[in-house]
Amino acid sequence: MTVALPLDTDPKLAEYAHPERLVTTSWLADHLDDPNLVVVESDEDILLYETGHIPGAVKVDWHTELNDAITRDYLDGEKFAALMRDKGIGRDSTVVFYGDKSNWWAAYALWVFSLFGHPDLRLLDGGRAKWEAEERPTTTDAPSRVPSDYPSVERDDSRIRAFRDQVLEHLGKPLVDVRSPDEFSGKLLHMANYPQEGALRGGHIPGAKSVPWARAANEDGTFKSRAELEQLYQGEAGLAPGDDVVVYCRIGERSSHTWFALTNLLGFERVRNYDGSWTEWGNAVRVPIEREAEATA
Amino acid sequence: MTADTLPPALAEIVEDFSSAPPRDRLEMLLEYAGMLPPLPERYREHPERLEPVPECQSPLFVATEVEPDGTVRIYADAPQEAPTTRGFAGILRAGLDGLPAAEVLAVPPDLTARLALSEVVSPLRLRGAAALQGRIQRRVRELQGGSVEPAAAG
């Protein structure tokens, strides 16, 4: 693996399985001027970046830039390369993601970048909220990055992405539903206070364990310690690092956060994100659904 | 109702957005976010009098009043960290506040589509704006004592 920038040696991060996948706000502040670093902001709110962002950060919008405009799928290798060239991200760049909502969308963007095997991807622990809370500098100046020569790399969906048919074959093996308890039980068809995205059926995929994504995060949006995460996923939810695990939510964004925690913080080797998630499963004809079943205590 | 029969202020906003290059439309939306005035004291002190708009991605609250002469007043609030939501509220306030109730009710439900924002904002994010419009219109209808029809959208 190419690690262009030095690792953050923060002791909390050092406990994680892959500390090279996270940086602290102070590490980022110290390395902002490194030419091989590209900071990417990915938010739920498409205008938040324009109100002020980390100096030099480029914006990647999950909705309008990472998805194919016609098919419900991500960009292909050629389009992803074009996006990277336009953003000034090279294949050997160290990319640090951050965003709003405890890094939901930042983790999602990092996951999409991972489909293309970009070597050095890191998440800013605590995201935008922590950077702002620490009153670190922000700017509305547009970044000026030189276009890169990013190569076209074929997207690899086999390692960390699951499709509906694969989830059907997976039934009986570990599944983690990271939505809210009311979405899991079927009481709500969508996230409370969020737009209804048109699921016709409520409930969850049979056998799924309910571990709402936010349980992996502290109040300030940083990840919980390794010991706390082990207690949650390995203790409470009964998962083991060697398990074949599928995670899902509503459209695959909150579950990217959990995918990140299981893979990079706890060292699980086979975690796939089912990005079709409930907007696909809750509308599909004749797929099995469970309601009100045993949530993890 | 066609674009040229929209209330003048709203027609101008629609014209500005739809004729601007796509990249500029986001900047314009941000300007409307900045134009949303603070709530008057009677709502700041009594937030329970505001109506939530749960269809929006971020918390949005709106109060719709109809004055004795039939003039519509719109007040809305959303967090600073939700500029897109604030922008939609700012557009609706700039375009509808101070109009006679009949004109507010006559605004077609596809207003958000006319703003030509779907390619730069994404359709999902526009649902909240349509829902806000629907709630304002429903409230005006209620306050006028007319029949309460389902919101036009959302």
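**Exercise 1. A buried arginine in chain A**

The backbone oxygen of Pro6(A) lies 3.1 Å from a polar atom of the side chain of Arg122(A). Keep in mind that this is a predicted model. Your task: find the strand that holds Arg122(A), and decide whether Arg122(A) is buried or exposed.

*Solution.*
- Step 1. Start with the secondary structure: Arg122(A) belongs to strand β5 of chain A, which covers residues 121-124.
- Step 2. Turn to accessibility. The relative accessible area of Arg122(A) is 0%. Buried means under 20%, so Arg122(A) is buried.
- Step 3. Look for a neighbour in space. Thr94(A) is 28 residues from Arg122(A) in sequence, and the two C-alpha atoms are 7.6 Å apart.
- Step 4. Return to the polar partner: the side chain of Arg122(A) has a polar atom 3.1 Å from the backbone oxygen of Pro6(A).

**Exercise 2. Salt bridges across chain A**

Take the pairs Arg161(A) with Asp73(A) and Arg272(A) with Asp244(A). For each, work out which parts of the chain are linked and how accessible the partners are.

*Solution.*
- Step 1. Begin with the whole structure, where a search over all chains finds 40 salt bridges.
- Step 2. In one of them, the side chains of Arg161(A) and Asp73(A) meet with an N to O distance of 2.9 Å. This pair links distant parts of the chain, 88 residues apart: Arg161(A) is in strand β6 (residues 161-162), and Asp73(A) is in the loop between β3 (58-59) and α3 (77-87).
- Step 3. Compare the two partners. Arg161(A) has a relative accessibility of 2% and counts as buried, whereas Asp73(A), at 22%, is partly exposed.
- Step 4. Now take Arg272(A) and Asp244(A), whose side chains form a salt bridge of 3.4 Å, N to O. Here the link runs between two strands of chain A, with Arg272(A) in β10 (residues 270-274) and Asp244(A) in β9 (residues 244-248), 28 residues apart. Both Arg272(A) and Asp244(A) are buried.

**Exercise 3. A salt bridge within a helix of chain B**

How are Arg139(B) and Glu142(B) placed along helix α8 of chain B, and are these residues buried or partly exposed?

*Solution.*
- Step 1. Check the contact: the closest N and O atoms of Arg139(B) and Glu142(B) are 2.7 Å apart, in a salt bridge.
- Step 2. Place the pair. Both residues are in helix α8 (residues 123-143) of chain B, and because Arg139(B) and Glu142(B) are three residues apart, about one helical turn separates them.
- Step 3. Read the accessibility. Arg139(B) has a relative accessible area of 30% and is partly exposed; Glu142(B), at 29%, is partly exposed.
- Step 4. For a network of salt bridges, go to chain A: shared partners join Asp73(A), Arg155(A), Asp157(A), Arg161(A) and Asp275(A) into one network.

**Exercise 4. The sheet of chain B**

Work out the strand order of the three-stranded sheet in chain B and name the strands at its edges.

*Solution.*
- Step 1. Strands of a sheet pair through backbone hydrogen bonds, either parallel or antiparallel.
- Step 2. Strands β1 (residues 51-52) and β2 (residues 61-66) of chain B pair in the antiparallel sense over two bridges. In this pairing, Glu51(B) stands opposite Val62(B).
- Step 3. β2(B) also pairs in the antiparallel sense with β3 (residues 72-77) of chain B, over six bridges. Here Glu65(B) faces Arg73(B), and Val62(B) stands opposite Ala76(B).
- Step 4. The hairpin of β2(B) and β3(B) has five residues between the strands, and Gly70(B) takes a positive phi near 90° there.
- Step 5. Put the pairs together: the sheet is open, with the order β1-β2-β3 and antiparallel pairing. β1 and β3 of chain B each have a single partner strand and stand at the edges, so one side of each lacks a neighbour in the sheet.

**Exercise 5. Two helix crossings**

Classify the packing of α1(B) with α4(B) and of α4(A) with α9(A).

*Solution.*
- Step 1. In chain B, helices α1 (residues 8-19) and α4 (residues 83-96) pack at about 135°, with axes 7 Å apart. That makes α1(B) oblique to α4(B), and their crossing is right-handed.
- Step 2. In chain A, helices α4 (residues 104-115) and α9 (residues 254-265) pack at about 70°, with axes 7 Å apart. α4(A) and α9(A) are therefore roughly perpendicular, and their crossing is left-handed.

Note on methods
Residues are numbered from 1 along each chain as its sequence is written. Chains are lettered from A and ligands numbered from 1 in the order in which they are written. This is a predicted model: local features need pLDDT of at least 70, side-chain atom pairs count only at pLDDT 80 or more; totals for chains, interfaces and linings use all residues. Side-chain values use heavy atoms; hydrogens and water are left out. A salt bridge is a side-chain nitrogen of Lys or Arg within 4 Å of a carboxyl oxygen of Asp or Glu. Helices (H or I, at least four residues) and strands (E, at least two) are DSSP runs, numbered from the N terminus. Buried means under 20% relative accessible area, exposed over 50%, partly exposed in between (1.4 Å probe, protein chains only). A polar contact is a pair of N or O atoms within 3.5 Å; within protein, one must be able to donate a hydrogen and the other to accept it, and residues adjacent in sequence count only if both atoms are side-chain atoms. Two strands pair if DSSP finds at least two bridges between them. Axes are lines fitted to C-alpha atoms, for helices over the stretch in contact, and angles run from 0 to 180 degrees between N-to-C directions. Angles under 35 degrees count as roughly parallel, over 145 as roughly antiparallel, 65 to 115 as roughly perpendicular and the rest as oblique. A crossing is left-handed if the near helix is turned anticlockwise from the far one by less than a right angle, and right-handed if clockwise.
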